[in-house]
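Colleague: I am new to this structure and would like to learn how its features are read. Could you take me through them one by one?

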Amino acid sequence: MISLKTQEEVELLRENNILVSKTLAEVGKHIKPGITTLALDKIAEEYIRSHGAIPGFLGYGGFPATLCVSVNEQIVHGIPSKYELKEGDIVSVDCGTFMKGFYGDSAYTFAVGEIDSRVAELLKVTKEALFKGAAMAVAGNRIGDISYAVQTHAESYGFSVVRELIGHGLGRDMHEKPDVPNYGVRGRGPLLKEGMVICIEPMINMGTRNVVFEKDGWTVRTADRKPSAHFEYAVAVKKGKPDILTTFEFIEN
């Protein structure tokens with residue numbers, strides 16, 4: 001069952017996703033060699049709570065932290081730890097909030113200092129794939145149109161698309177229907193209707209698309225230990241053009 005949101009509900013989702021966007025920007029200010037991923041998590045939790053929300057991920061399904069912090073070959077769901085970021089690392093930060101009965105959810109992959117040029121291209125292409133996918137989130141299209149846009153862009157640069165982890169609907173629950181894969185066929189999948197709110201989140205690998213689920217029960221990494229990037233938008237489906245509820249402006253300005 002796909003729930004359609006009223007405009008009032010979309011605005012509450014926007015409020016959450018703007019807070020997530022600002023939280024990611026606050027975390028981003030502290031990303032530099034020597035900081036631990038646990039310290040980033042503490043910064044995020046304090047920021048979210050100080051703005052009247054609670055961390056959406058903390059305790060969700062038993063997850064032990066505010067942020068998913070995934071470094072280098074970790075794709076998603078990395079648990080914050082005493083690991084100190086190093087020059088040349090990339091770090092994907094996925095953040096959620098819960099406020100006024102609704103969730104926010106977004107992710108951004110940061111470079112730590114100077115990074116390898118091919119890794120920099122991976123980040124650029126993954127973000128472009130997100131934009132291309134989000135542009136397809138208009139009423140009358142299908143989920144497959146989003147999936148196809150993400151996949152074809154990423155693969156055209158020689159990168160691979162994770163299959164086991166996908167985007168999702170967003171609302172009163174963190175993960176709602178419909179599923180939003182990052183690979184697929186145009187014109188297939190659920191019809192996009194005005195009022196649907198979805199999270200589009202390309203997870204793109206430098207090498208193989210194959211993944212390994214680590215023994216901690218959460219962390220997912222690339223099978224070949226090559227880097228992976230992850231960017232995520234929450235988007236409300238509208239007629240004509242998508243209503244993007246997330247912004248990277250706070251991070252990038």
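Modeller: Let us start with a pair of helices, keeping in mind that this is a predicted model. Here α1 passes α2 in a right-handed crossing, and the contact is made by L19, K22, T23, E26 and V27 on the α1 side, with L40, I43, A44, Y47 and I48 on the α2 side.

Colleague: Which classes of residue make up the contact of α1 with α2?

Modeller: The residues of that contact divide into seven nonpolar, one polar and two charged.

Colleague: How is the packing of two helices described in general?

Modeller: Two packed helices are described by the angle between their axes and by the distance between those axes. In this case the axes of α1 (residues 7-29) and α2 (residues 37-50) come within 9 Å and cross at roughly 140°.

Colleague: Let us turn to the sheets. What is the strand order in the open sheet of five strands?

Modeller: The general idea is that strands of a sheet pair through backbone hydrogen bonds, either parallel or antiparallel. In the five-stranded open sheet the order is β8-β7-β9-β14-β15, and the pairing is antiparallel. Its edge strands, each of which pairs on one side only, are β8 (176-180) and β15 (243-244). Helix α4 (residues 143-156) packs on this sheet, where it touches β8 and β9, and the direction of α4 makes about 40° with that of β8.

Colleague: How many bridges join β9 to β14?

Modeller: Four bridges join β9 (residues 197-200) to β14 (residues 233-236), and the two strands run antiparallel. To find your place along the pair, note that V197 stands opposite A236 in β14.

Colleague: And what is the order in the open sheet of three strands?

Modeller: That sheet has the order β3-β12-β11, again listed with antiparallel pairing, and its edge strands are β3 and β11 (211-213). From one strand to the next the twist averages 40°. Within this sheet, β3 and β12 (residues 220-222) pair over two bridges, and V76 stands opposite V220 in β12.

Colleague: What should I look for in the backbone angles?

Modeller: As a rule, most residues other than glycine have a negative phi, and most peptide bonds are trans. With that in mind, look at H77, which has a positive phi of about 65° although it is not a glycine; H77 is found in the loop between β3 (74-76) and β4 (90-99). Then look at the peptide bond from K177 to P178, which is cis, with omega near 5°. The proline of that bond, P178, has its place in strand β8, one of the edge strands of the five-stranded sheet.

Colleague: My last topic is empty space. Which residues lie closest to the centre of the largest pocket?

Modeller: In general, rolling a probe the size of a water molecule over the atoms shows where empty space is left. The largest pocket holds about 320 Å³ of space, and of the 19 residues that line it, the closest to its centre are H77, D94, H168, H175 and E201. You have already met H77 as the residue with a positive phi. By class, the lining of the largest pocket has 10 nonpolar, four polar and five charged residues.

Colleague: What is the volume of the second largest pocket, and which residues lie nearest its centre?

Modeller: Its volume is about 180 Å³. The second largest pocket is lined by 13 residues, of which V69, V71, Q74, S81 and Y83 lie nearest its centre, and that lining divides into four nonpolar, five polar and four charged residues.

Terms used:
Residues are numbered from 1 along each chain as its sequence is written. This is a predicted model: local features need pLDDT of at least 70, side-chain atom pairs count only at pLDDT 80 or more; totals for chains, interfaces and linings use all residues. Side-chain values use heavy atoms; hydrogens and water are left out. Axes are lines fitted to C-alpha atoms, for helices over the stretch in contact, and angles run from 0 to 180 degrees between N-to-C directions. A crossing is left-handed if the near helix is turned anticlockwise from the far one by less than a right angle, and right-handed if clockwise. Contact means heavy atoms within 4.5 Å. Ala, Val, Leu, Ile, Met, Phe, Trp, Tyr, Cys and Pro count as nonpolar, Asp, Glu, Lys and Arg as charged, and the others, Gly among them, as polar. Two strands pair if DSSP finds at least two bridges between them. On a 1 Å grid over the protein atoms alone, a cavity is a set of points where a 1.4 Å probe fits but cannot get out, and a pocket is an open set with protein on both sides within 12 Å along at least five of seven lines; lining residues have an atom within 4 Å of a point. Grid points are joined across faces, edges and corners, and a volume is the space filled by probe spheres set on the points.
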